[in-house]
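Visitor: Hey, I've got a new one on the screen and could use a tour. Can you walk me through it?
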Number of protein chains: 2
Amino acid sequence: MRLILVAGTTRTAERDGISAAGATRDLLLHTPSADAEILVYGDTVRAPVTPVSPSGCPTPAAVTRAARELVGFEVTVVDGGLARPTGAPTVSVGATPGRDIAEADPVQTAPGAFAAAREYGRAIPDAELVVGETIPGGTTTAMAVLRALGEEWPTSSSLPENPVELKERVVEAAFESSEIAPGQAAHTPELAVRFVGDPVLAAASGLVAGAVESGTAVTLGGGTQMLAVAALVRHAGVLGPLTLATTSYLAADVPELRDATDAHDVALVVTDPGFDDAGPLSAFADGVAKEGAAMGGALHLADRAGSLADVTEGTLDVLSRLRGDYGP
Amino acid sequence: MRLILVAGTTRTAERDGISAAGATRDLLLHTPSADAEILVYGDTVRAPVTPVSPSGCPTPAAVTRAARELVGFEVTVVDGGLARPTGAPTVSVGATPGRDIAEADPVQTAPGAFAAAREYGRAIPDAELVVGETIPGGTTTAMAVLRALGEEWPTSSSLPENPVELKERVVEAAFESSEIAPGQAAHTPELAVRFVGDPVLAAASGLVAGAVESGTAVTLGGGTQMLAVAALVRHAGVLGPLTLATTSYLAADVPELRDATDAHDVALVVTDPGFDDAGPLSAFADGVAKEGAAMGGALHLADRAGSLADVTEGTLDVLSRLRGDYGP
């Protein structure tokens, strides 16, 4: 059992009010690099900051790390366009940081990264994979990619109040500057990602497509960004079994999730970590973050191993070992 | 507990008769990339070949992988100048492939890699590390580096008959083309590596120096290349505790090893995996490979965990799962 975190960036996240995956706009670009380090080492190594939301909610990577310490699964990080140094070991698939999707051709490396990740996914010998993402701003690019594929499913947000109108304006601007119109990339997922997406979607969908093609059991650990990955995989013509494992917080935010997974022939598993009264973790129950860094997939693995009840204490323990403050 | 494999290349290995770390000269440069994959995944992923010696002895990485499957320690790969693609996740410290040491200035990235690896080594949160290497040709560059530091200790070989005269001629050529003379780099280890060494020595010695400085318990898993790393660390003025854990095959080949480790205030642990009658593994007992890919360190961990007796069967099992042939 191996959990693969695809970590990268899109400058779309630097627009005001798009993402809660960092305390300030300047720190957002460090979040994926720090999340990868927390998963691998249990602490930051090169990243200058432990990711928190503006309101002080700790990164979901701490939950995934706690599940890993309980269950013992392997972790591998794929560089899906990191923009800041990480001390985590990373697999390269040729992805580079994504530009703002309102610019023309924001992810030129998407087709190459999709192909390289697909080859890599085919070659991984593990029988079972969980694949997740960390990319601030990723629900906006995921929304644009779903539209490019001709799909109208909503995407969630790391903010308690989903800035849907802002995201729709950004998506509209993306199509205005792009060579494709909504629905026009239905059978060319790598072009949907290239013109209106982000490099994490390219790497993750290639990886999942290749793994499924080679008979690996793949669980997508995450919310609507991983739903977009599932859609990309299906639009690539890969029809093998897929599961989406998400948190109860994400599922509560997106009532359409079961219909969306059904529409893509994806099994849905929802896990409640029970953070309601868990000190700094109660922010999750209040709708901050909700998902990310493969949290839903990691909770599913903890549940399967009979360790779900220990995740709260484990996460608080991980937080207590992190450098610096994680809260406000 | 984390085992860190520093994987890289020097074109010094491409001279005829220098190294057994590959079936042919053309395949040598793939060996570190493949070793890293075998440690991380238990099989090759992007590397086109499973490393074997010209006589068909399997790579020591299979032994390290078997120990890992028994003991469960974490593995991290540092890119110490890889020249061929790897599917293993790697930490970058800015190392690039080393040129033949008979060329002038063969490892220009050495000072930078030493410094970046030292920072990384300081930041790793684990309480205990095992550090090993995989670099064909590495005993020749290690010999040159020891001479640059003013030390006369011998180095071993992956070949059953150590080509000492050939290596001495290469080392002589290295000093002829270099800006330093033997002994002249006694207090500037990064220059010893830059002018007559290889990028793995730069990354590994920086990493170990930083880890020891931050109070981490470090075991060097390997033979005379890791002895050279210990010497570099001491010449960098880092005097904290160090252990060298090697195989009985390496120790039998280098009778001076205990004096050499004593001279550097390094504790020595020798572990016998008992491969004498173990089918393809008996080549180790015949003096092929002897060490590499942190094998001695991994055997020490297996011994400490009470699993040493299971390493033979575990290694044969790893070999049975590798793609393609590993033997003649």
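Guide: Sure, and keep in mind that this is a predicted model. Let's start with helix α13 of chain B, residues 295–304: 8 of its 10 residues are buried, so the helix is largely enclosed by the rest of the structure.

Visitor: Which residues of α13(B) are buried?
Guide: They are B:Met295, B:Gly296, B:Gly297, B:Ala298, B:Leu299, B:His300, B:Leu301 and B:Ala302.

Visitor: And what does the backbone do just after α13(B)?
Guide: B:Gly306 sits there with a positive phi of about 75°.

Visitor: That's a glycine, fine. Which residue of chain B has a positive phi although it is not a glycine?
Guide: B:Ala289 is one of interest, with phi at about 65°. In general, most residues other than glycine have a negative phi. B:Ala289 is in the loop between α12 (282–285) and α13 of chain B.

Visitor: Is B:Ala289 buried or exposed?
Guide: Buried, because its relative accessibility is 14% and the cut-off for buried is under 20%.

Visitor: What about phi of A:Ala294, over in chain A?
Guide: That one is positive too, near 65°, again in a residue other than glycine. A:Ala294 lies in the loop between α12 (282–285) and α13 (295–304) of chain A. With a relative accessible area of 1%, A:Ala294 is buried.

Visitor: Zoom out for a sec. How many helices and strands are in chain A?
Guide: Chain A has 14 helices and 7 strands. Along the principal axes, its C-alpha atoms fill a box of roughly 50 × 40 × 35 Å. Of the 328 residues in chain A, 65% are buried.

Visitor: Changing topic: how many salt bridges are there over all chains?
Guide: A search of the whole structure turns up 34. One of them pairs A:Glu213 with A:Arg118, at 2.5 Å from N to O. That pair links distant parts of the chain, as A:Glu213 is in helix α8 (residues 199–213) and A:Arg118 in helix α4 (residues 110–123), 95 residues apart.

Visitor: How accessible are A:Glu213 and A:Arg118?
Guide: A:Glu213 is partly exposed at 36% relative accessible area, whereas A:Arg118 is buried at 18%.

Visitor: What does A:Glu152 form a salt bridge with?
Guide: Its partner is A:Arg147, and the closest N and O atoms are 3.6 Å apart. A:Glu152 counts as exposed, at 62% relative accessibility, while A:Arg147 counts as buried, at 13%.

Visitor: Give me one from chain B. Where do B:Arg122 and B:Glu119 lie?
Guide: Both are in helix α4 (residues 110–123) of chain B, 3 residues apart, which is about one turn of the helix. Their side chains meet in a salt bridge at 3.1 Å, N to O.

Visitor: Why would that spacing suit a pair within a helix?
Guide: An α-helix has 3.6 residues a turn, so residues three or four places apart point the same way. As for accessibility, B:Arg122 is partly exposed at 37% and B:Glu119 is exposed at 52%.

Visitor: Which residues do salt bridges that share partners join into one network?
Guide: A:Arg2, A:Glu74, A:Asp126 and B:Arg68.

Visitor: OK, and which residues gather in a patch of negative charge on the surface?
Guide: A:Glu165, A:Glu168, A:Glu172 and A:Glu176. Take A:Glu168: this residue is in helix α6 (residues 164–176) of chain A and is partly exposed, with a relative accessible area of 42%.

Visitor: Cysteines next. How many disulfides are there over all chains?
Guide: The count comes to 0. If you want cysteines to click on, A:Cys57 is buried at 3% relative accessibility, and B:Cys57 is buried at 2%.

Visitor: Last stop, B:Leu239. Where is B:Leu239 found?
Guide: Look in the loop between α9 (224–235) and β6 (242–247) of chain B. At 63% relative accessibility, B:Leu239 counts as exposed.

Visitor: How many residues apart are B:Leu239 and B:Pro32 in sequence?
Guide: They are 207 residues apart in sequence, and their C-alpha atoms are 30 Å apart in space.

Key
Residues numbered from 1 in each chain as written. Chains lettered and ligands numbered in written order. Predicted model: local features only at pLDDT ≥ 70, side-chain atom pairs only at ≥ 80, totals over all residues. Heavy atoms only, no water. Patch = residues over 30% accessible without salt bridge, like charges linked within 9 Å, V, L, I, M, F, W, Y side chains within 5 Å. Areas by Shrake-Rupley, 256 points an atom, 1.4 Å probe, with all protein chains shown as cover. Salt bridge = Lys/Arg side-chain N within 4 Å of Asp/Glu carboxyl O. Lys, Arg positive; Asp, Glu negative; His and termini not counted. Charge placed at Lys NZ, Arg CZ, Asp CG, Glu CD. Helix = DSSP H or I, 4+ residues; strand = E, 2+ residues; numbered from the N terminus. Buried < 20%, exposed > 50% of the residue type's maximum accessible area, 1.4 Å probe, protein only. Disulfide = S-S within 2.5 Å.
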